[in-house]
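Please look through the structure shown here with an eye to how its helices pack against one another. The paragraphs that follow start from one pair of helices and work outward to the core and to the chain as a whole.

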Amino acid sequence: MPRLYENPNQLQLWIQSNQINEAKLAKKIYDVFNSGTMLERLQTVAGMILNKMGTGGEAPFKAAIGAENRLRFWRHMPKAEHTTQQEFIWFADAPIKLKRLDASDCSDIIRLSGEWIERGGLAAPGHYIWEKGSTAKCVEQKSDRIRIQ
């Protein structure tokens, strides 16, 4: 049931209490993903993503890196704008490097892969990529390659 707070100090205390509880909950959830089997699974998925991104087309790869060049993950790589697809493959194929990733790094890689997919990284024959913006239109499709202007 809703409560009416007539005293602004009571409301402020309630807000602060909720913020503290939310922060504690977020930390506990992070701790679950940042240790043990969950972290190992995230590292495996991150390696698979890096490998896939390293073997795809260069244009979506460069576009995704340009759009997500401030991720914390880049501390493991050369500067984002200088990273090559081959470096992603080398990183993905080195278990010792993957083991250095924490849950935040894996989250960054998942975010980067989302950008890569949006830029055409997983375009398959017969599927269209639509331009971003208010009007949706396919720019061009030729067999397994799609060009976006």
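In this predicted model, helix H2 passes helix H4 in a left-handed crossing. On the side of H2, the residues that make this contact are Gly47, Leu50, Asn51, Met53, Gly54 and Thr55, and on the side of H4 they are Gln85, Phe88, Ile89, Phe91 and Ala92. The two axes lie 8 Å apart, and H2 and H4 pack at an angle of about 150 degrees. Since angles over 145 degrees count as roughly antiparallel, H2 and H4 are therefore roughly antiparallel to each other.

The H4 side of this contact can be followed further. Helix H4 spans residues 85-92, and within this stretch Gln85, Phe88, Ile89, Phe91 and Ala92 are buried. When H4 is viewed down its axis, these buried residues fall within an arc of 160 degrees, so they line one face of the helix. Such a pattern fits the geometry of an α-helix, which has 3.6 residues a turn, so residues three or four places apart point the same way. The cover over the buried residues of H4 includes helix H2 (36-55), helix H3 (58-67), helix H5 (95-98) and helix H6 (103-118).

Which residues have the most contacts inside the largest nonpolar core? They are Phe73, Trp74, Phe88 and Leu101, in a core that has 23 residues. Helices H2, H3, H4 and H6 each supply at least two residues of this core. Trp74 gives a view of the surroundings of one such residue: apart from its neighbours within four places in sequence, Trp74 is in contact with Ile65, Glu68, Asn69, Ala80, Thr83, Phe88 and Leu112. Phe88, one of these partners of Trp74, is also among the H4 residues in contact with H2.

Helix H2 has a further packing partner in H6. The axes of H2 and H6 come within 9 Å and cross at roughly 35 degrees, and the crossing of this pair is left-handed. From H2, the contact is made by Leu39, Leu42, Gln43, Ala46, Ile49, Leu50, Lys52 and Met53, while H6 brings Ala103, Cys106, Ile109, Ile110, Leu112, Ser113 and Trp116. Leu50 and Met53 of H2 thus take part in this contact and are also listed in the contact with H4.

Two residues on these helices deserve a separate look. Ser104 is found in helix H6 and is partly exposed, with a relative accessible area of 25%. Leaving aside its neighbours within four places in sequence, Ser104 is in contact with Tyr30 and Arg72. Although Ser104 and Leu42 are 62 residues apart along the chain, their C-alpha atoms are separated by 9.9 Å. Glu40, for its part, lies in helix H2 and counts as partly exposed at 43% relative accessibility. The C-alpha atom of Glu40 is separated by 7.8 Å from that of Lys99, a residue 59 places away along the chain.

These details can now be set within the whole chain. The protein chain has six helices and two strands, and from the N terminus on its elements run α-α-α-α-α-α-β-β. Of its 149 residues, 28% count as buried. Among the contacts in the chain with a separation of 6 or more, 56% are accounted for by residues 24 or more positions apart.

Terms used: Residues are numbered from 1 along each chain as its sequence is written. This is a predicted model: local features need pLDDT of at least 70, side-chain atom pairs count only at pLDDT 80 or more; totals for chains, interfaces and linings use all residues. Side-chain values use heavy atoms; hydrogens and water are left out. Buried means under 20% relative accessible area, exposed over 50%, partly exposed in between (1.4 Å probe, protein chains only). Helices (H or I, at least four residues) and strands (E, at least two) are DSSP runs, numbered from the N terminus. The arc is that of the directions from the helix axis to the C-beta atoms. Contact means heavy atoms within 4.5 Å. A nonpolar core is a set of buried Ala, Val, Leu, Ile, Met, Phe, Trp, Tyr and Cys residues joined through side-chain atoms within 4.5 Å. Axes are lines fitted to C-alpha atoms, for helices over the stretch in contact, and angles run from 0 to 180 degrees between N-to-C directions. Angles under 35 degrees count as roughly parallel, over 145 as roughly antiparallel, 65 to 115 as roughly perpendicular and the rest as oblique. A crossing is left-handed if the near helix is turned anticlockwise from the far one by less than a right angle, and right-handed if clockwise.
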